Amino acid sequence: MVAGGTARNAADDRCAVHPARPALDRCPVCGRPRCAADAVRHAAAGCAACARPARPVAPPVPVLERLVRAALGALAAALAGGLVAAQYVDAGWLGVVTPAVVGAATGAAAQAASGVVRGPERGRGRTALQVRAIGAGAGVLAVGLGFLLERSRDPVSAGALLPSALAVAGALLWTAPPRRGRRTGGPARRRPGRRPRAGDPGVTARADDPGLTTRG
Ligand SMILES: [Zn+2]
Ligand SMILES: [Zn+2]
């Protein structure tokens with residue numbers, strides 16, 4: 001018989017979260033029976049059922065670590081990119097496009113590996129700039145590696161200048177911060193008398209738009 005007249009369930013003698021353990025007290029927050037381990041761990045904050053686990057706040061990644069990560073990621077991409085670039089040396093328009101694509105890949109790899117802030121702030125700030133530079137440098141390395149593997153062109157020669165520049169451009173453009181919206185950029189200026197056409201940024205072609213259909 002229990003003093004005080006309160007009816008107690010047998011379940012109340014067990015921890016609500018760990019039924020194998022006997023209850024020590026009741027959670028001060030939700031009232032569930034709590035085991036000794038929970039009482040020690042959560043104290044006045046609650047119990048294992050209701051207390052938000054104190055999520056450890058991830059310490060900010062040091063800049064150097066970000067840059068090392070970026071370099072490792074970019075170099076890995078450069079190795080793969082070099083193998084690809086070697087296949088397309090002097091391959092017509094592919095020989096022009098490939099260095100830019102490889103640069104974009106190394107730039108993206110550097111950015112992803114560094115863990116720089118995503119979203120609207122992507123690519124902004126000093127660290128982000130350094131990461132982009134690392135990506136661009138890795139793009140040049142990748143193009144050079146391609147020439148080394150392909151063996152028809154010296155990677156340190158005038159002939160390697162344009163592909164290297166294309167790799168840098170690819171890396172920088174690919175990792176460029178997104179354009180600010182109209183709010184900060186001001187209203188978009190449009191030349192007077194010019195209709196927006198399909199293909200213009202922000203203009204989606206609509207089949208029912210009379211201005212876009214051609215009369216046959
Ligand atoms: Zn428990
Ligand atoms: Zn609780």
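What share of the 216 residues of the protein count as buried? The figure is 30%, where buried means that 20 or more other C-beta atoms, placed from the backbone, lie within 10 Å of the residue's own. Keep in mind that this is a predicted model, in which local features need pLDDT of at least 70, side-chain atom pairs count only at pLDDT 80 or more, and totals for chains, interfaces and linings use all residues. Residues are numbered from 1 along each chain as its sequence is written, while chains are lettered from A and ligands numbered from 1 in the order in which they are written.

Let's walk along the chain. From the N terminus on, the elements run β-β-α-α-α-α-α-α; helices (H or I, at least four residues) and strands (E, at least two) are DSSP runs, numbered from the N terminus.

Now look inside. The largest nonpolar core, a set of buried Ala, Val, Leu, Ile, Met, Phe, Trp, Tyr and Cys residues joined through C-beta atoms within 7 Å, has 32 residues. Helices H2 (63-87), H3 (93-114), H4 (126-150) and H5 (161-174) each give two or more residues to this core, and H4 provides the largest share, 11 residues. A second, separate core of six residues includes Ala16 and Cys47.

Helix H2 is a good place to pause. Its 25 residues should span 36 Å at 1.5 Å a residue (1.5 Å times one less than the number of residues), and its end C-alpha atoms are indeed 36 Å apart. Among its buried residues are Arg66, Gly73, Ala74 and Ala78, and what covers the buried residues of H2 includes H3 and H4.

Terms used: Buried ≥ 20, exposed ≤ 12 C-beta atoms within 10 Å, placed from the backbone. Contact = placed C-beta atoms within 7 Å.
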